[in-house]
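The report below goes through the fold, two of the helices and the pockets of one protein chain. It is best read with the sequence and the structure side by side.

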Amino acid sequence: MLFRSWISAEQLHWLQADLEQVPEDVLIVVAVHIPFWQDTWTSDRDLVVNREAVFKLLEDRNRLLIIAGHDHAIRHYDLGPEAGWLGTAALPEIIVATACGAWWGGPPDERGIPLAEHPDGAPNGYHIFTFEGNAFRERFKAASMPAEYQLRIERPSESVLQGTVSEIIVNVFNGHPEQEVAYSLD
């Protein structure tokens, strides 16, 4: 099924009029269902096809954030020319987790509730955003898990513990492309 999304002329007019009332140094948060861009797509399938019109209205702003959903996988992007963003400020797009994960599917957990993991391996859950002034912080909260549950490490085999395997698989649920993951064995 092909999904195409767009921002209507009426919405663009509203956004332009709204931005004229907002001081330049204020954080602008755009919340949408369908992401403006993803590198995993090979066509305009499931994108906002006129995103450049929105970007043009935002290009002179210096504090921006796009929050999107739809994809059932957590992703972080710093949008640039490849996505149609030509502004000078950073334009982060965070595609957030869904409470239903993979549509409440999968094998049941110990309570009989489907695991509902996202296709990227993250558990179902949600994001928590904290805004202070023109800055934001965000974190992922896995449903039914403690707040510190932020990654999963595949169970090391005996050969890993003996130092004969050079790879360990770590799924960092809310990882950013510039985030570094390191480990040590004693």
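Which pattern does the protein chain follow when it is read along the sequence? In this predicted model, the order is α-β-α-β-β-β-β-β-β-α-β, and the secondary structure comes to three helices and eight strands. The protein chain has 186 residues, of which 37% count as buried. Among its contacts with a separation of 6 or more, 60% are between residues 24 or more positions apart. The accessible surface comes to about 11,500 Å², and carbon and sulfur atoms account for 54% of that area.

**Helices H1 and H2**

In helix H1 the buried residues are Leu 12, Leu 15 and Leu 19. Seen down the axis of H1, these buried residues fall within an arc of 60°, so they line one face of the helix. The other side of H1 carries the exposed residues Ala 9, Glu 10, His 13 and Trp 14, while the cover over the buried residues of H1 includes strand E1 and helix H2.

Helix H2, which spans 51-58, has Arg 51, Val 54, Phe 55 and Leu 58 as buried residues. They cover an arc of only 100° around the axis, which puts them on the same side of H2. What covers the buried residues of H2 includes H1 and E1, together with strand E2 (64-68), strand E3 (75-79) and strand E4 (91-95).

**The two largest pockets**

The largest pocket holds about 300 Å³ of space. Its lining is made up of 15 residues, and those closest to its centre are Asp 109, Arg 111, Leu 115, Asn 124 and Ala 143.

The second largest pocket holds about 230 Å³ and is lined by 14 residues, with Gln 11, Trp 14, Leu 15, Val 30 and Ala 31 nearest its centre. The elements that give two or more residues to this lining are H1 (9-19) and E1 (28-31), and H1 gives the most, with five residues. Two residues of H1 that lie nearest the centre of this pocket were named above: Leu 15 is among the buried residues of the helix, whereas Trp 14 is exposed.

The linings of the two pockets divide by residue class as follows.

| Pocket | Nonpolar | Polar | Charged |
|---|---|---|---|
| Largest pocket | eight residues | two residues | five residues |
| Second largest pocket | twelve residues | one residue | one residue |

Notes:
Residues are numbered from 1 along each chain as its sequence is written. This is a predicted model: local features need pLDDT of at least 70, side-chain atom pairs count only at pLDDT 80 or more; totals for chains, interfaces and linings use all residues. Side-chain values use heavy atoms; hydrogens and water are left out. On a 1 Å grid over the protein atoms alone, a cavity is a set of points where a 1.4 Å probe fits but cannot get out, and a pocket is an open set with protein on both sides within 12 Å along at least five of seven lines; lining residues have an atom within 4 Å of a point. Grid points are joined across faces, edges and corners, and a volume is the space filled by probe spheres set on the points. Ala, Val, Leu, Ile, Met, Phe, Trp, Tyr, Cys and Pro count as nonpolar, Asp, Glu, Lys and Arg as charged, and the others, Gly among them, as polar. Helices (H or I, at least four residues) and strands (E, at least two) are DSSP runs, numbered from the N terminus. Buried means under 20% relative accessible area, exposed over 50%, partly exposed in between (1.4 Å probe, protein chains only). The arc is that of the directions from the helix axis to the C-beta atoms. Contact means heavy atoms within 4.5 Å. Accessible areas come from the Shrake-Rupley method with a 1.4 Å probe; for residues, only the protein chains shown count as cover.
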